[in-house]
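Please look over the model below. The report that follows takes up one residue, then the annotated spans, then the relation between two chains.

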Number of protein chains: 4
Amino acid sequence: MDDDSRLNRWDRGTDLTLGIASLVFLGSYAAHVLAPGMPKAAHVLFLSLMYTAWAMFTVDYAVRWRLSGEGPGFVRRHWLDTVVLVLPLLRPVRVVRTYESIQRRRGEPLLPLHARVAAYSALSISLLGFSGALAVYQAERSAPNANIRTFGDSLWWTCSTLSTVGYGDYVPVTTLGRFIAAGLMACGLALLGTVTGSFSSWMLQRFSLNEDDRRPPEH
Amino acid sequence: MDDDSRLNRWDRGTDLTLGIASLVFLGSYAAHVLAPGMPKAAHVLFLSLMYTAWAMFTVDYAVRWRLSGEGPGFVRRHWLDTVVLVLPLLRPVRVVRTYESIQRRRGEPLLPLHARVAAYSALSISLLGFSGALAVYQAERSAPNANIRTFGDSLWWTCSTLSTVGYGDYVPVTTLGRFIAAGLMACGLALLGTVTGSFSSWMLQRFSLNEDDRRPPEH
Amino acid sequence: MDDDSRLNRWDRGTDLTLGIASLVFLGSYAAHVLAPGMPKAAHVLFLSLMYTAWAMFTVDYAVRWRLSGEGPGFVRRHWLDTVVLVLPLLRPVRVVRTYESIQRRRGEPLLPLHARVAAYSALSISLLGFSGALAVYQAERSAPNANIRTFGDSLWWTCSTLSTVGYGDYVPVTTLGRFIAAGLMACGLALLGTVTGSFSSWMLQRFSLNEDDRRPPEH
Amino acid sequence: MDDDSRLNRWDRGTDLTLGIASLVFLGSYAAHVLAPGMPKAAHVLFLSLMYTAWAMFTVDYAVRWRLSGEGPGFVRRHWLDTVVLVLPLLRPVRVVRTYESIQRRRGEPLLPLHARVAAYSALSISLLGFSGALAVYQAERSAPNANIRTFGDSLWWTCSTLSTVGYGDYVPVTTLGRFIAAGLMACGLALLGTVTGSFSSWMLQRFSLNEDDRRPPEH
């Protein structure tokens with residue numbers, strides 16, 4: 001499987017670069033959204049950083065398509081990668097994976113499976129929530145009847161949405177804002193189930209472990 | 001079990017037709033609800049499509065009852081089919097099943113079990129939510145003190161309800177609308193648990209798989 | 001274990017009677033709450049039915065205590081029974097259990113385990129929700145600034161609470177109403193987790209069963 | 001492993017003392033928050049109790065660090081202990097663990113695993129909720145546009161938040177209050193998943209046990 005190993009080598013070689021590009025993309029987008037009054041030069045810088053990062057994602061996608069040797073079926077089979085290519089704001093969520101695979105290659109000790117899944121899902125939710133709060137804030141802030149008017153409100157709204165609490169004190173009112181919100185709910189719920197499920201399995205394991213540990217060995 | 005095999009043959013033979021009829025029913029109902037100002041001819045067309053589809057569901061139910069040779073107990077034992085016969089708007093949710101059984105017969109590769117259950121439940125929720133949004137919109141739009149007044153509001157309300165977020169910015173106020181909403185909550189919650197549960201199992205599997213994959217084989 | 005068998009015989013002998021008494025209690029309470037303007041004779045009738053049922057629960061508790069031969073520890077060990085004795089409105093939830101044990105004794109075919117647990121939890125939630133809606137309605141209806149003013153509103157509030165959607169269009173405002181609501185949330189969440197968990201396990205079983213069923217036997 | 005056994009002996013020797021100190025801390029904090037108008041002497045007493053308890057937590061942390069012989073990595077590896085040291089209001093949640101380990105050492109019979117995890121998580125949620133309600137009340141009560149103005153409102157808000165119902169009738173409006181709320185949601189959700197997951201596993205066990213129990217032994 002020489003083809004597969006070339007794909008694997010590509011993955012290993014670009015992991016870190018693409019992870020950094022994802023964070024640069026998120027950072028530039030955040031600066032673009034949160035500091036609208038910055039000087040024109042800074043503005044151009046951040047926009048070009050965003051587009052450079054996006055271009056890198058596109059090149060990565062193209063190379064992986066090529067190396068996979070799969071033809072047009074690749075788009076459908078790797079639909080998640082395709083979605084992330086079109087909506088690069090979702091890319092930073094993959095940083096969690098990058099971090100894990102680097103940690104593994106270095107041979108650092110890993111948490112137990114359930115704890116790890118819980119931690120990584122929680123991290124993914126945080127990154128997803130931050131991206132979502134930025135996007136909703138951008139969509140809502142200039143709408144005439146909006147009530148999400150500061151980034152703080154947007155973050156608070158994100159917390160109340162991703163935890164499915166949903167107070168309703170801040171709510172998106174634009175169509176774009178609601179689409180982003182619906183996407184956030186869908187991704188957030190799936191990840192939330194993963195967090196709580198893994199966390200609860202981990203607690204059960206620890207409790208049953210404790211039992212075996214502390215029980216005096218036959219007497 | 002000649003009787004059983006006749007039932008199976010009936011199922012296989014009508015699967016696709018009934019699946020299409022379900023989608024036609026949903027489409028006609030959507031047109032009926034969303035375009036109240038359309039010409040009379042179109043109106044009659046959509047209504048007759050709806051009733052034709054419903055008639056096909058009834059015939060299917062009757063034939064399966066007959067072939068099962070079960071007597072009056074059939075109604076109780078297949079209560080889900082009975083409910084779907086009375087509320088045909090729930091029928092499109094079964095399209096997911098039809099799609100699956102056709103895919104299987106063609107021998108197409110299936111996703112792993114947990115991923116498949118997650119995907120099918122997510123699809124079912126989407127179809128259920130679309131039907132529910134239509135029904136609530138129809139029930140609410142002409143109520144004097146309603147706040148769900150456009151189909152967009154109804155869809156947004158459905159998202160916030162099925163994810164159990166429940167902002168409360170849009171809420172059904174008619175008795176019929178609330179009954180539909182309660183039904184939507186009940187079905188939605190059961191399906192949501194299935195989505196998140198299967199998704200989280202799938203993630204766990206992938207994580208534990210990754211481990212075995214990348215671990216160098218003994219050295 | 002003659003003592004234990006006497007307890008079992010008592011349980012078997014009183015199951016049905018106590019189940020009926022529970023439903024009579026719930027019905028009388030519902031009549032008492034929902035028809036405040038009924039004639040005095042009917043009022044007295046319903047109240048005496050309630051107190052008779054409650055007395056039967058007390059006798060049952062006392063006899064089981066006696067037969068268990070456990071001393072004062074019984075109160076703590078069977079704390080759930082103790083709570084139900086003090087709050088008899090929770091008793092109807094046990095009807096689900098009664099129904100099951102009668103069905104089993106008759107040797108009627110049972111649903112598969114997961115489906116049964118899902119069905120019984122769903123039934124328990126419904127009974128719990130009905131009792132809770134009645135109690136909250138009674139606590140709220142005469143409060144000066146209450147917004148739950150009809151039993152319909154109370155039922156709708158219960159649906160939105162037990163599904164954890166929580167629109168907030170109707171909310172209890174009295175201290176008693178909020179205590180009942182908090183209890184409802186606690187019980188409801190535990191039961192809801194049981195419903196969705198079992199339902200999702202059942203779906204997974206059916207999906208994996210289907211696979212084995214339809215797969216052509218080796219060729 | 002003499003080092004480890006010294007750590008264990010330290011744990012066993014300080015368990016009870018630290019558990020009591022945690023409850024004293026919580027009680028003093030509650031008095032401090034809920035009775036702002038108390039005489040100066042009482043105020044000083046409660047504050048000094050709080051600081052004494054906190055000092056004890058610090059000493060315990062330092063000793064355990066020393067005994068572990070781990071160096072600076074201890075802070076990161078025991079990050080949960082570090083967080084609890086900085087936010088001592090979270091400490092009372094650990095009382096549940098203390099209670100369990102004492103009960104075990106005394107050899108008292110334990111509940112089945114799932115029931116125990118459900119019970120302990122439920123207790124932890126209650127303690128967490130009480131601490132959270134206090135902290136949010138302290139943060140909100142003097143804000144000009146706050147709607148959480150009494151401790152009762154704060155408790156009711158906590159119930160509606162931890163159950164993810166989220167009515168939105170009471171909502172924190174200060175930045176500090178929202179940070180506490182976000183922390184409460186995160187911890188609460190993880191614990192809630194543990195409660196409902198364990199409870200539902202326990203129900204399943206009891207149902208499947210019942211089956212084996214009551215089934216007549218082969219005839």
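## A threonine at a chain contact

In this predicted model, C:Thr196 touches three residues of chain B: B:Leu189, B:Ala190 and B:Gly193. Residues up to four places away in sequence are left out of that list.

C:Thr196 sits in helix α8 of chain C, which spans residues 175-214. Is C:Thr196 buried or exposed? Its relative accessible area is 15%. The cut-off for buried is under 20%, so C:Thr196 counts as buried. The side chain of C:Thr196 also has a partner within chain C: it reaches the backbone oxygen of C:Gly193 at 3.3 Å.

## Annotated membrane spans

The UniProt record, an unreviewed entry, places "transmembrane region" features on chain A. They cover residues 16-34, 41-59, 79-96, 117-137 and 179-204.

What does the model show at residues 16-34 of chain A? That span is 100% helix and 0% strand, and its end C-alpha atoms lie 27 Å apart. Residues 41-59 of chain A are likewise 100% helix, with 0% strand. Their end C-alpha atoms are 27 Å apart.

## Relation of chains A and D

Two copies of a chain are related by a rotation about an axis and a shift along it. Here, a rotation of 90° superposes chain D on chain A, with an RMSD of 0.1 Å. The shift along the axis is 0.0 Å. That is the relation of a four-fold axis. The copies use different surfaces: of the contact residues of chain D, 19% recur in chain A.

Methods:
Residues numbered from 1 in each chain as written. Chains lettered and ligands numbered in written order. Predicted model: local features only at pLDDT ≥ 70, side-chain atom pairs only at ≥ 80, totals over all residues. Heavy atoms only, no water. UniProt positions renumbered as here; feature names shortened; annotations may be inferred. Helix = DSSP H or I, 4+ residues; strand = E, 2+ residues; numbered from the N terminus. Least-squares fit on C-alpha atoms with pLDDT ≥ 70 in both. Contact = heavy atoms within 4.5 Å. Buried < 20%, exposed > 50% of the residue type's maximum accessible area, 1.4 Å probe, protein only. Polar contact = N/O pair within 3.5 Å; in protein donor to acceptor, adjacent residues only side chain to side chain.
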